[in-house]
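Biologist: Please take one buried charged side chain in this model and give me a close look at it. Then set that part in the context of the whole fold.

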Amino acid sequence: MANVLMVFGSTTGNTESIAHLVEKKITQAGHTVTVLNCADANPEHLAKGYDAVLMGCSAWGEEDVEMQDDFADFFESFDKMDLNGAKVTSFASGDKEYPHFCGACDLIVDRARELGAEIIADSLKLEGDGSSDDDEIQAYVDEVLKAL
């Protein structure tokens with residue numbers, strides 16, 4: 001049984017909803033999942049003791065990617081999370097009208113990789129709350145589970 005950490009930042013609740021849908025599927029597969037709102041998470045050594053770390057953040061922006069406010073602060077402290085050697089992936093809710101659809105995912109995996117993390121799955125990028133995306137969520141979870 002693996003121990004998975006999910007940390008999310010969500011303004012409208014869509015990314016939080018996706019986190020809980022992913023959590024349910026990983027839990028049903030027999031693993032333990034800890035879900036944290038990044039506003040309540042202390043990044044200091046946060047990845048220690050987990051077999052995988054999944055991070056979710058909504059984003060927007062016309063020219064640059066603008067991360068959800070709480071997650072933007074959390075992102076600045078990634079170097080404190082002990083991501084070296086950690087298995088990491090990302091997920092997000094976004095709007096395809098923006099030029100950087102779910103652009104936070106790319107920033108998360110790039111920074112995690114810089115810090116020595118192993119990226120274990122393609123980022124899950126959805127519009128809305130994920131309630132109509134069961135197949136995409138299951139495919140993402142299947143990728144994560146293979147890496148555990």
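Modeller: Two residues are in contact when heavy atoms lie within 4.5 Å. The model is predicted. My pick is Asp133. Leaving aside neighbours within four places in sequence, Asp133 is in contact with Leu126 and Glu127. Asp133 sits in the loop between strand 8 (124-127) and helix 4 (134-147).

Is Asp133 paired or unpaired in a salt bridge? Asp133 is buried, yet has no salt bridge. The nearest side chain of opposite charge is Lys96, 7.9 Å away. A salt bridge needs a side-chain nitrogen of Lys or Arg within 4 Å of a carboxyl oxygen of Asp or Glu.

Now turn to Asp134, which lies in helix 4. Its side chain meets that of Lys25 in a salt bridge, with 2.8 Å from N to O. Lys25 belongs to helix 1 (residues 14-28), so this pair ties together parts 109 residues apart in sequence. How exposed are the two ends? Asp134 counts as partly exposed, because its relative accessibility is 42%. Lys25 is buried, with a relative accessible area of 15%.

By the 4 Å rule, the count comes to four salt bridges. Two of them can be followed inside helix 3. One joins the side chains of Asp110 and Arg113, at 3.6 Å from N to O. These two are three residues apart in helix 3, so about one helical turn separates them. Asp110 is partly exposed at 39% relative accessibility. Arg113 is partly exposed too, at 46%. Another joins Glu114 and Arg111, at 3.1 Å from N to O. Here again the residues are three apart in helix 3, so about one turn lies between them. Glu114 is exposed, with a relative accessible area of 60%. Arg111 counts as partly exposed at 25%.

Stay with helix 3 for its geometry. It has twelve residues, 103-114. At 1.5 Å a residue they should span 16 Å. The end C-alpha atoms are 17 Å apart, which agrees. What follows helix 3? Gly116 does, with a positive phi near 95 degrees. The buried residues of the helix are Gly103, Ala104, Cys105, Ile108, Val109 and Ala112.

That leads to the packing. The largest nonpolar core has 23 residues. Those with the most contacts inside this core are Met55, Phe71, Phe74, Phe78, Met81, Leu83 and Val88. Four elements give two or more residues to the core: strand 1 (3-9), strand 3 (52-57), helix 2 (69-75) and helix 3. A second, separate core of 20 residues includes Val4, Ile120, Ile137 and Val141.

Two valines show the contacts in detail. Take Val88. Beyond its neighbours within four places in sequence, Val88 touches Val53, Met55, Leu83, Ala112, Ala117, Glu118, Ile119, Ile120 and Ala121. Ala112 in that list is one of the buried residues of helix 3. Ile120 in that list is part of the second core.

Now Val7, which is found in strand 1. Val7 is buried, with a relative accessible area of 0%. With the same neighbours within four places left aside, Val7 is in contact with Leu36, Cys38, Leu46, Leu54, Met55, Gly56, Phe71, Phe74 and Phe91. Val7 and Ala19 are twelve residues apart in sequence, and their C-alpha atoms are 8.2 Å apart in space.

Zoom out to the fold. The protein has four helices and eight strands. Along the sequence they follow the pattern β-α-β-β-β-β-α-β-α-β-β-α. Of the 148 residues, 45% count as buried. Among contacts between residues at least 6 apart in sequence, 76% join residues at least 24 apart.

How do the overall dimensions look? Along its principal axes the C-alpha trace spans about 40 × 35 × 25 Å. A compact globule of 148 residues would have a radius of gyration near 15 Å. The protein has 14 Å, which agrees.

Back to the starting point. Asp133 is buried without a salt bridge, whereas Asp134 meets Lys25 in one. The place of Asp133 is in the loop just described, between strand 8 and helix 4.

How values were computed
Residues are numbered from 1 along each chain as its sequence is written. This is a predicted model: local features need pLDDT of at least 70, side-chain atom pairs count only at pLDDT 80 or more; totals for chains, interfaces and linings use all residues. Side-chain values use heavy atoms; hydrogens and water are left out. Buried means under 20% relative accessible area, exposed over 50%, partly exposed in between (1.4 Å probe, protein chains only). Lys and Arg count as positive and Asp and Glu as negative; His and the chain ends are not counted. The expected span of a helix is 1.5 Å times one less than its number of residues. A nonpolar core is a set of buried Ala, Val, Leu, Ile, Met, Phe, Trp, Tyr and Cys residues joined through side-chain atoms within 4.5 Å. The radius of gyration is taken over C-alpha atoms; the globule rule is 2.2 Å times the number of residues to the power 0.38.
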